[in-house]
Amino acid sequence: MAVVVFVSAAAVIFIAGTLLTRTADELADATGLGEALFGAVLLGGSTSLPGIVTSVTAAHQGFGELAVTNALGGIAAQTVFLSIADLSYRKANLEHASASIENMMSGALLASLLALVLIALAGPEISLLGVHPASLLILVGYGFGLHLIHEARETPHWVPRLTTSTVEDVVAEQEEGKAPVGQGRLWIRFALLAVVVGVSGWFVANSGIAIVNQTGLSESVVGALLTAVATSLPELVTSVAAVRRGAVTLAVGGILGGNAFDVLFVSFADVAYRPGSIYHAVSLDGVFLVALTLLLTSILLLGLLRRERTGVLGIGFESALVLVFYLGGMALLIL
């Protein structure tokens with residue numbers, strides 16, 4: 001029964017996630033926010049709903065390590081999903097085509113938030129009303145980072161050099177003879193699809209936990225490999241669907257922005273975890289996962305800056321390295 005629920009919910013996520021991406025692309029144009037910022041905030045946040053539910057639920061039930069590694073493992077998995085999306089974009093290297101100031105700043109914000117998590121994990125055990133100060137810093141840092149990204153879009157002091165392979169984030173023109181869809185209807189559609197994806201992700205996460213309960217695997221392995229990947233399925237669907245629609249900036253912005261948002265899972269889980277600071281309920285496996293996600297994010301940022309046109313199998317060095325380091329890191333975690 002758990003397998004049937006898992007597969008059924010994954011199928012719903014596949015369909016709803018594709019429609020969610022299409023609606024997000026239309027809203028990015030209709031609102032004037034742009035694909036990168038819209039992908040970082042709204043698309044990234046809506047596809048993160050399953051992960052939030054899983055981390056908070058696990059923390060509330062006292063499974064602190066499962067909650068944290070679910071969040072961190074999801075960030076690592078979603079970075080790999082971008083490499084998979086790169087394979088489906090045959091025109092050029094995805095990072096070359098989608099280079100933008102917003103996407104690179106989202107990556108830098110993600111690295112900064114992960115560094116705060118690492119400091120809390122390795123630092124002294126302190127808490128106020130059971131919540132570590134780092135959890136508040138992460139929330140404040142995320143909000144400040146979004147403000148900086150919005151400012152950079154409005155008044156950019158740095159822009160990527162345009163090439164024949166660069167896909168600019170421009171407002172799509174209305175097709176002749178096709179009536180425009182009102183923003184109100186788009187927002188309603190987006191909200192309904194986000195709810196469907198979130199609820200389906202909840203079923204995926206819980207059925208996955210039910211499947212692995214009898215295996216005896218550690219919380220870190222279950223969180224990083226099983227629940228993290230299961231609850232990250234919307235990001236895989238939306239990133240590949242966005243790339244196939246030509247919205248490459250939305251795809252990269254959705255992953256980088258969604259990953260930055262996913263760091264907030266740790267803050268939410270810290271509040272839900274009542275025995276004390278959740279950071280000190282995590283073993284060295286959690287520290288390993290933070291270091292791995294920092295490495296993957298740094299490689300992705302190097303790819304956005306280097307902007308290699310093509311590489312092996314049509315992907316850049318960054319996508320290849322992300323795949324190699326992720327697979328190697330997960331193998332080490334299991335061992």
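## A walk through an all-helix model

Start with the whole surface switched on: the protein exposes about 14400 Å², with carbon and sulfur atoms supplying 69% of that area. Keep in mind that this is a predicted model.

Now switch to cartoon and colour from the N terminus. You'll count 14 helices and zero strands, so to speak α after α along the chain. Of the 335 residues, 53% are buried. Turn on contacts too: among those with a separation of 6 or more, 86% join residues 24 or more positions apart.

**Next stop: α7.** Select residues 133-154. How far apart are the end C-alpha atoms of this helix? They sit 32 Å apart, and since 22 residues at 1.5 Å each should span 32 Å, the two values agree. Show side chains and pick out A134, S135, I138, Y142, G145, L146, I149 and A152, which are buried. Look down the axis of α7: these buried residues fall within an arc of 125°, so they line one face of the helix. Then spin to the other side of α7, where L136, V140 and F144 are exposed.

**Last stop: α9 and α10.** Select residues 219-231 for α9 and 233-244 for α10. A pair of packed helices is described by the distance between the axes and the angle between them. Here the axes come within 4 Å and cross at roughly 50°, which makes α9 oblique to α10. Which residues meet between α9 and α10? Zoom in on V229, A230 and T231 from α9, which meet L233, P234 and E235 from α10.

Terms used: Residues numbered from 1 in each chain as written. Predicted model: local features only at pLDDT ≥ 70, side-chain atom pairs only at ≥ 80, totals over all residues. Heavy atoms only, no water. Helix = DSSP H or I, 4+ residues; strand = E, 2+ residues; numbered from the N terminus. Buried < 20%, exposed > 50% of the residue type's maximum accessible area, 1.4 Å probe, protein only. Contact = heavy atoms within 4.5 Å. Areas by Shrake-Rupley, 256 points an atom, 1.4 Å probe, with all protein chains shown as cover. Expected span 1.5 Å × (residues − 1). Arc of directions from axis to C-beta. Axes fitted to C-alpha atoms, helices over the stretch in contact; angles between N-to-C directions. Parallel < 35°, antiparallel > 145°, perpendicular 65-115°, else oblique.
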